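Biologist: Please show me the model, and let us discuss how its helices pack.

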Amino acid sequence: MTTNKWDELYNNQEYRYGKDPNVFVQSMLPDHPPSDVLSLAEGEGRNAVYAAELGHHVTAWDYSSVALDKLQRLADERSVNVNTALVDLTQAPPY
């Protein structure tokens, strides 16, 4: 998919997968002390925002600027900070 296809996918008011974190993330992350988290292909931010709510320092990468804008709105809504970057993972340097 090209970035335009991803932007089209996320270009609406609704959050495609909702605002609540993925069930797996929700079941596993509370067991880990706050740390640095890099969330790849984060999309609209539900998991990254959840991690930030738990006290993690989160950086989220995604290929869609539309998704990252929605992530930022969700982070603002929940009063947490998530650093974001528009990244093509096929071109990303090792972290």
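Modeller: Axes are lines fitted to C-alpha atoms, for helices over the stretch in contact, and angles run from 0 to 180 degrees between N-to-C directions. Helices (H or I, at least four residues) are DSSP runs, numbered from the N terminus. This is a predicted model, in which local features need pLDDT of at least 70, side-chain atom pairs count only at pLDDT 80 or more, and totals for chains, interfaces and linings use all residues. Residues are numbered from 1 along each chain as its sequence is written, and side-chain values use heavy atoms, with hydrogens and water left out.

Biologist: What is the relative orientation of α3 and α4?

Modeller: The axes of α3 and α4 (residues 65–77) come within 9 Å and cross at roughly 30°. Angles under 35 degrees count as roughly parallel. The two helices, α3 and α4, are therefore roughly parallel to each other.

Biologist: Which residues in α4 meet α3?

Modeller: Contact means heavy atoms within 4.5 Å. From α3, the participants are R46, A48 and V49. Their partners in α4 are L71, L74 and A75.

Note on methods: Parallel < 35°, antiparallel > 145°, perpendicular 65-115°, else oblique.
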